[in-house]
Amino acid sequence: MEQLYEEKAARLRDAAELGAERELPPGLTLDTLPVLLRRYCWQEPLEQVLERSPEELYEVVVAHFAIAQTRPEGAVLVRARTIKEDQDSPLAGRTVVEVVADDMPFLVDSVTAEISRQGRELLEIVHPVLVVRRDITGVFQELVNTSKPRECPSDGLVESWMHLEIAVEPDAAQLRALEGDLRRVLADVWHAVEDWGKMRATAVRIARELEHRPPHGIDQNAVDDAAELLRWLADDNFVFLGYREYELTDADALNPVAATGLGILRSDVDMASASRALPAAAAAKAREPELLILTKADSRSTVHRPVYLDYIGVKAFDEDGVPTRERRILGLLPSGAYVDSVTTIPVVRRKVDEVMARSGLSPSSHSGKDLLDILENYPRDELLQISVAELLPIVLAVLHLRERRQTRLFLRRDPYGRFFSALVYLPRDRYTTNVRLAMQAILTEALGGVSVEYTAHSTESILARLHFVVRTAKGEGLPEVDVAALEARLTRAARNWSDDLLDELLASCDTGPARELHRKYIGAFSDGYKDDFPAAEAVADIARLETLHGRDGAMDLALRTPSGAGKGERRFKIFRIGAPMTLSSIMPRLQHMGMTVTDERPYEVECLDGQQVWIYDFGLTSSLLAYEEPRPELLAKYRATFHDAFAAIWSGEAEDDGFNALVTAGDIPWRLVAVLRAYARYLRQGGLTFSQVYIEQALVHNADIAKLLVRRFEIRFDPAYTGDRDADEEKVREEIVQALSEVNSLDEDRILSSLSRIIHATQRTNYYQSTVDESGRTSPKSFISFKFDPSQVPDLPEPKPAREIWVYSPRVEGVHLRFGAVARGGLRWSDRREDLRTEILGLVKAQTVKNTVIVPTGAKGGFVVRSPVDMTDRDAWQAEGIACYRIFIGALLDITDNLVAGKVQPPADVVRHDEDDTYLVVAADKGTATFSDIANEVAISYGFWLGDAFASGGSVGYDHKAMGITARGAWESVKRHFREMEHDTQTQDFTVVGVGDMSGDVFGNGMLLSEHIRLVAAFDHRHIFVDPTPAATTSYAERRRLFDLPRSSWADYDAGLISEGGGVWPRAAKSIPISDQIRNALGIRADPGAQPGEGGASGVADSMTPAELMKAILLAPADLLWNGGIGTYVKA
């Protein structure tokens, strides 16, 4: 803080130093300027001073002094000016108001109130109080350097200087008018302050007169109350602003009495115009033999607070008790009068006592104390103005209302016909700004109001209170009002969304469940939800949420057409239990379904049970939507299709891609969309050159043909179909051909024709099979398998197998090629997702050639894992591979005939278009060496006739890896070739590079068939391993360890055993550093085209990409290249 004070002082010194460079106004010297700056900013907040530059501080203070240089005694100086943007001033672009006046109370309040009354924005205010000396003409002589204006010297003046900055006002006429208004206000302040003492004395004088000469015909209690009230006001309980006396004429006019005015009423100018006949209601009140008039004036105060003035009139009476004169006091009750106990305020105290007495309640009773509390908190202005006869029924009604959640209106008419006073009690939790504004509008309209003031009172009570004062147009009187009808309107306005919710729940279900649901959800919905949806819709949402209750991650959906929606417009709600969903995860799925998301509104639902619940509401539009009102039956069907599809996509049962637009464009269920997707993916495996996106677009552009394709599939394979299957399929084929004739694009024609032909080439499918979970719930299978007659499949590469099965799911894809009725072969875990069938076809072609002397033909299969799994997590990666292998085996068996008691048993719910086919035998291959037991387990669970003979190997057969048959056979060839070079591989060291890793059958077994192998380098689909100068003995032991380690990879190799310069790198690396040792071991030479300075000192690159290093390994000058992983690095 001390540092800030130092910065302020420095800033003021810098501002003062500018005076030496600039011309000062008359009367301001270089010696006075620093003092003026300090006094001017003495009481300003540090931050406010430091926000201004020295130039700005100088400009503010010096400009203010310029208008204050001459001020005659008692004069008020006001200047309003706008400094234009193009002026050379730090205040450019601002409107500044400067005031200089004698210091007195209420100056700042009154000036700022007038600026606010005009609707102007006050941006800044500086209000120093300075002590100056002036000559007799008011010219500035000296600034007294004091921070204590109260200790002003006898020849000094205490002045209030005000610098205000307001919103820019470019109109000069407006600025002159503002100056005039501020002078008028400051004149009122000066008059009120100057006559303050006189007005207080007058109040005491009138009180004394009442005490010594009470008027005839007036109750003594009323006289005592009036005298006490006047003395109480004079005892600093009233801000006296004006006083004047008025004569009541026979014509019911009040004529001002000359020379009686004080304060803001002191002027005797235009007294004739001030005399006017009273309105009928006011005239009647003036003639009443009531001593006191307690009300509000028609005008607002220009002094201190901009509120309606408090009006206190004391009547004078003649000897017959007839009113002849009114002594009027205007002013403001201070804040204390609104918080002090009602028992301390004259007049009010007697009213309270009379109300308590008439109520019949003991002050010491519970109800009596409650009644007194109501009176204590009753609006004070009302207590002063209201009669006991009016007050008593109101407070008794409020007393009975206190524990009831009701809305009540108590309306009082101003006896002078100027305003209505409306007290509104309502349940506290109903009181909001919106409710208050609604009530304000209702009262204004019903009561003919032109202005409304309000106050609000809320405590721990269950009720809140609003007090409205609704003023009507002058001279028009007060209209007659149906209070009961008006109260009913206010009650409706006070109803909140929760009330509507209870009504809707009671209308939709029994009372008990309705109230329980209301209790559960009354505070659950956010304000945003309540603003956007009516309670009736919330009831429907609650019903959906209740069905999801307690199921973490559960989801429900609601697609609807909002009223007044244009073609293709929808609203889509997602109901979610558990963690919130992100917009970035939802939008792509909806877009792939052909929707454009126009807006998104999330709502959290906070249930009493603490369960996390979300409702998401999306605005959707799509040009693909064809099912509009007035076809509600189609719209209802489409809703169900859309809901099912989105739920399947979100859960992962369906893929998230452009095929899903067929749900929107063709109202095709998601599983049938999956059929088209599966066919398209197979055709691309079989050589169809179009991208998947292009195929998607072709189907969506021709949604009617897509529906025909689906229809053809259903007729051909639905077991429940009762028509003439062949004839009906032919009819649909002809419709497809006819529709294709209208397709303009040759590419789209080819795509759609291929899909139609492959449907007909399909012999079997498991699409209509179902599975039963542990709870007994039946559901479709998560994968689809198709058996093809390859001779009918368009554009398949040769040779074509005799039978082919394609398996599709979002999790796994697989293919099985069989070139004869009786043929067996291994199933491979492949990583070639884009050309799996090409890989398998190459393998089976090689197998056919290799096994010609054994069996006439062969079979091969393979699958790829589609779900992303971190390959560095061996357990998770292996678990996913096994799960996908199980799916693949099950999918093959789903559409394979069985033998039961020697008879062929077709698979359930499969329509067959081929002959009996019971032969299916599989074996292990790359990645599946240990999976035979798994395959047999699946076969046994299916009751397949081969049982544990279904898959060769395993615990009851041959373990390829344990026996190492392939590697040992190949190694005999290695030994023979080396013998021809006079080298004994079993006793002499030799170098090897290879393809594979130690977990593999062929590679792993082979690299353990000699302890003299010096393995220099190898790679598989995951890693590259380089050991430039390996030690045969230690490297053999480490390879043995990896061979025995389940699911090992080169990354498990002990780095401490690798020779200098070597290492293990992932194939995903951007580059691999090449050491001198690696260059020497692999024979890497300089690129003949390399320029001097490129690469290392020898001209050989310091690093290589994984592909470049793998090529170098294959070309390395090693004694042996051991290839144990065909298909892992070269596409056939």
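These are my notebook entries on the overall build of this protein and on the confidence of its model.

**Model and confidence.** I noted at the start that this is a predicted model. I looked up the confidence next. The mean pLDDT of the protein is 90. I found that 95% of its residues reach 70 or more.

**Weak stretches.** I then searched for low values. Residues 1088-1098 stay under 50 in pLDDT. For this stretch I found eight contacts beyond four places in sequence. Residues 1127-1132 also have pLDDT below 50. There the model shows 16 contacts beyond near neighbours in sequence. Where pLDDT is low, predicted coordinates should not be read in detail. I therefore leave the fine detail of such places alone.

**Secondary structure.** I looked up the elements and found 38 helices and 39 strands.

**Overall dimensions.** How does the radius of gyration stand against that of a compact globule of 1132 residues? The globule would be near 32 Å, but the protein has 49 Å. I also checked the box filled by the C-alpha atoms. Along the principal axes, the box is roughly 150 × 80 × 65 Å.

**Packing and contacts.** I looked up burial across the 1132 residues and found 50% of them buried. I took the contacts with a separation of 6 or more. Residues 24 or more positions apart account for 66% of these.

**Surface and charge.** What area does the protein expose? I found about 51,800 Å², with carbon and sulfur atoms supplying 51% of it. Last, I looked up the charges. The protein has 130 positive and 172 negative charges. Their mean positions are 3 Å apart.

Technical notes. Residues are numbered from 1 along each chain as its sequence is written. This is a predicted model: local features need pLDDT of at least 70, side-chain atom pairs count only at pLDDT 80 or more; totals for chains, interfaces and linings use all residues. Side-chain values use heavy atoms; hydrogens and water are left out. Helices (H or I, at least four residues) and strands (E, at least two) are DSSP runs, numbered from the N terminus. The radius of gyration is taken over C-alpha atoms; the globule rule is 2.2 Å times the number of residues to the power 0.38. Buried means under 20% relative accessible area, exposed over 50%, partly exposed in between (1.4 Å probe, protein chains only). Contact means heavy atoms within 4.5 Å. Accessible areas come from the Shrake-Rupley method with a 1.4 Å probe; for residues, only the protein chains shown count as cover. Lys and Arg count as positive and Asp and Glu as negative; His and the chain ends are not counted. The place of a charge is taken as NZ of Lys, CZ of Arg, CG of Asp or CD of Glu. pLDDT is the predictor's confidence in each residue, from 0 to 100.
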